[in-house]
Amino acid sequence: MPSPDTDQRLAQQQAIYGISLSERFGVIMAAYGLSQRSLARVLGLSAPMLSQLINAQRIKIGNPAVYERLVMLEERQDEADLTQVLSEVEASEPVLTTHASRARQARLLMPDAGALPVADPAVPLGGLATAEQFRATAQAARATGAADLADVLDRAAALHG
């Protein structure tokens, strides 16, 4: 049974990553058929460090490149040649921005959002309002001179209407 400290660290991992790192790494190890040692090598961290993250002895991944490699593995786990994916990810020298992975930034279009760019702020607004509410708010924004905001709200209305 985990200690209260471990439970607290697991909760912190879930707050940061959405799920515990144990679950997140577990999905990747299962998808690619990797041991902890092999996953650590591909990610570019030591096996003991990976173990500490899995067991919530450490809360977060400190190296942005390691986190980016994890995201790359997650994004590519449905590809046909997983051995090639592992080789490419291990050899990569990723750069992670504060908002999105390079892999996500490289996508020009969202598959389910027509021709809107990935970075379009209208896309994540989906569940916040109805199309009618977005349009009314856009009209109010336009009336106060916030044309750019109004445009985003209009796109959100079109996407989520």
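The secondary structure of this protein, taken from a predicted model, comes to nine helices and zero strands, so that reading along the sequence gives the pattern α-α-α-α-α-α-α-α-α. Of the 161 residues, 32% count as buried, and the protein exposes about 9600 Å², of which carbon and sulfur atoms supply 54%. Among the contacts in the protein with a sequence separation of 6 or more, 54% are accounted for by residues 24 or more positions apart.

A useful place to enter the fold is its nonpolar interior. The largest nonpolar core has 23 residues, and those with the most contacts inside it are F25, Y32, L39, L43, L50, I61 and L73. Two or more residues are given to this core by each of helix 2 (21–32), helix 3, helix 4, helix 5 and helix 6 (82–91), with helix 2 giving the most, namely five residues. A second, separate core of 10 residues includes A131, F134, A138 and V152. Returning to the largest core, one of its residues with the most contacts is Y32; if its neighbours within four places in sequence are left aside, Y32 is in contact with L73, R76, Q77, L82, V85 and L86.

Helix 3, which spans residues 36–43, can be followed through its buried residues, which are S38, L39, A40, V42 and L43. What covers these buried residues includes helix 2, helix 4, helix 5 and helix 6, and two of those neighbours, helix 2 and helix 5, can be described through their packing geometry.

Taking helix 2 to begin with, its axis lies 10 Å from that of helix 3, and the two helices pack at an angle of about 100°; helix 2 and helix 3 are therefore roughly perpendicular to each other, since angles of 65 to 115 degrees fall in that class. On the side of helix 2 the residues involved are F25, I28 and M29, and these meet Q36, L39 and L43 in helix 3. By class, the residues of this contact divide into five nonpolar, one polar and no charged.

The axes of helix 3 and helix 5 (residues 64–76) come within 9 Å and cross at roughly 115°, which makes helix 3 roughly perpendicular to helix 5. Here the contact is made by L39, V42 and L43 of helix 3 together with V66, R69, L70 and L73 of helix 5, and its residues comprise six nonpolar, no polar and one charged. L39 and L43 of helix 3 thus appear in the contact with helix 2 and also in the contact with helix 5, and both are listed among the residues with the most contacts inside the largest nonpolar core.

The backbone also deserves attention at two points in this part of the chain. Just after helix 3, G44 takes a positive phi of about 90°. Further along, A56 is found in the loop between helix 4 (47–54) and helix 5, and its phi is near 60°, a positive value in a residue other than glycine. Is A56 buried or exposed in that loop? With a relative accessible area of 0%, A56 is buried, the cut-off for that class being under 20%.

Conventions. Residues are numbered from 1 along each chain as its sequence is written. This is a predicted model: local features need pLDDT of at least 70, side-chain atom pairs count only at pLDDT 80 or more; totals for chains, interfaces and linings use all residues. Side-chain values use heavy atoms; hydrogens and water are left out. Axes are lines fitted to C-alpha atoms, for helices over the stretch in contact, and angles run from 0 to 180 degrees between N-to-C directions. Helices (H or I, at least four residues) and strands (E, at least two) are DSSP runs, numbered from the N terminus. Angles under 35 degrees count as roughly parallel, over 145 as roughly antiparallel, 65 to 115 as roughly perpendicular and the rest as oblique. Contact means heavy atoms within 4.5 Å. Ala, Val, Leu, Ile, Met, Phe, Trp, Tyr, Cys and Pro count as nonpolar, Asp, Glu, Lys and Arg as charged, and the others, Gly among them, as polar. Buried means under 20% relative accessible area, exposed over 50%, partly exposed in between (1.4 Å probe, protein chains only). Accessible areas come from the Shrake-Rupley method with a 1.4 Å probe; for residues, only the protein chains shown count as cover. A nonpolar core is a set of buried Ala, Val, Leu, Ile, Met, Phe, Trp, Tyr and Cys residues joined through side-chain atoms within 4.5 Å.
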